[in-house]
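Me: I am new to this structure and would like a close look at a single part of it, the aromatic rings and the nonpolar residues that surround them. Please take me through that part carefully, starting from the chain as a whole.

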Amino acid sequence: MASMCVFFGLATLSHAYVNIALNKPAHQLNQYNAGDTKFDASNAVDGSKSDLSANGGQCVISVNEKQTATWWVNMTRILSIHHIIIYYRTDNVPWGFNNGFTTRFLGFSVYVSNTTVRRDGKLCFKDTVFNRTTVPAIINITCIVHGQYVIYYNERLQNNTYPSYYSRYAHNELCEVEVYGKSFFSNLLLGTT
């Protein structure tokens, strides 16, 4: 009887999704105030999301006036991913048309790759439909794939045309990125890593 309970417990555990990005190495291009941990790439994978403002020390913030914005987390090995949840900077004010940060989030993409090169991986999501009213501050992206890196990318390239409600420049303003998948232990049980 006890062995049956252990078996069912392991079977249940193997189907549970956990945040496999929590406290994993992260990187961003063009950090605001480089070297200041208040804006560091690791803030998006530290589990803290109670203060979604730039100065709260829980968000990734990039410099202004850049044409591209890139951030990634390294899960340190190829793992089975199910979905990704992104908490965007709101500055702790109501999200919607009157929140100026909505324009900065629009047009973003999320990739899963086995390298830090986004185009080497799978495009999980590319925003082509949201506007200042409809873009969510917290988005849940289903992306069932194996990979080591989750990459957030946004661009405002000079020779491209973007909707008038997009920001002029690209930004990393991520307050938390949770990557849900099977834990390393679960992957071992299933024979995948």
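Reply: Among the contacts in the protein chain between residues at least 6 apart in sequence, 75% join residues that are at least 24 apart. The model is a predicted one, and its secondary structure comes to 3 helices and 7 strands, which follow one another from the N terminus in the order α-β-β-β-α-β-β-β-β-α. Of the 193 residues in the protein chain, 47% are buried, while the accessible surface comes to about 9,600 Å², with 54% of that area belonging to carbon and sulfur atoms.

With that background, we can turn to the aromatic rings. A pair of such rings is described by the distance of the centres and the angle of the planes. The protein chain has 10 aromatic pairs. One of them joins Tyr32 and Phe39, whose ring centres are 4.9 Å apart and whose planes stand at 90°, so this pair is edge-to-face. The two partners can be told apart by their exposure, since Tyr32 has a relative accessible area of 37% and is therefore partly exposed, whereas Phe39, at 5%, counts as buried.

Another pair is formed by Tyr88 and Phe105, where the centres lie 3.9 Å apart and the planes meet at 15°, so the rings are stacked. This pair links distant parts of the chain, because Tyr88 belongs to strand S3 (residues 68–88) and Phe105 to helix H2 (residues 102–105), with their positions 17 residues apart in the numbering. Tyr88 is buried, with a relative accessible area of 0%, and Phe105 is buried as well, with a value of 0%. Both residues take part in one aromatic cluster, which is formed by Tyr88, Trp95, Phe105, Phe108, Phe125, Phe130 and Tyr152.

Ser109, which has its place in strand S4, offers another view of these surroundings. Leaving out residues up to four places away in sequence, Ser109 touches Leu123, Phe125, Lys126, Ile151, Tyr152 and Tyr153, and two of the cluster members, Phe125 and Tyr152, are included in that list. At a relative accessibility of 3%, Ser109 counts as buried.

Tyr153 also has a charged group at its ring, for Arg118 lies over its face at 3.6 Å from the ring centre. A similar arrangement can be described for Tyr162, where the charged end of Arg156 sits over the ring, 5.8 Å from its centre.

The nonpolar residues complete the picture. The largest nonpolar core has 33 residues, and of these Trp71, Ile84, Ile86 and Val179 touch the most other members. Two or more residues of this core are given by each of S3, strand S4 (109–113), strand S6 (138–155) and strand S7 (174–181), and S3 provides the largest share, with 8 residues. For Val179, setting aside neighbours within four places in sequence, the contacts are Val18, Asn19, Ile20, Ala21, Val73, Met75, Ile81, His83, Ile84 and Val150. Apart from this core lies another, of 9 residues, which includes Phe39, Leu52, Ile61 and Ile85, and so brings back Phe39, the buried partner of the edge-to-face pair.

How values were computed
Residues numbered from 1 in each chain as written. Predicted model: local features only at pLDDT ≥ 70, side-chain atom pairs only at ≥ 80, totals over all residues. Heavy atoms only, no water. Helix = DSSP H or I, 4+ residues; strand = E, 2+ residues; numbered from the N terminus. Buried < 20%, exposed > 50% of the residue type's maximum accessible area, 1.4 Å probe, protein only. Contact = heavy atoms within 4.5 Å. Areas by Shrake-Rupley, 256 points an atom, 1.4 Å probe, with all protein chains shown as cover. Phe/Tyr/Trp six-rings, centres within 6.5 Å; stacked < 30°, edge-to-face > 60°. Lys NZ or Arg CZ within 6 Å of the ring centre and 35° of its normal. Core = buried A, V, L, I, M, F, W, Y, C linked by side-chain atoms within 4.5 Å.
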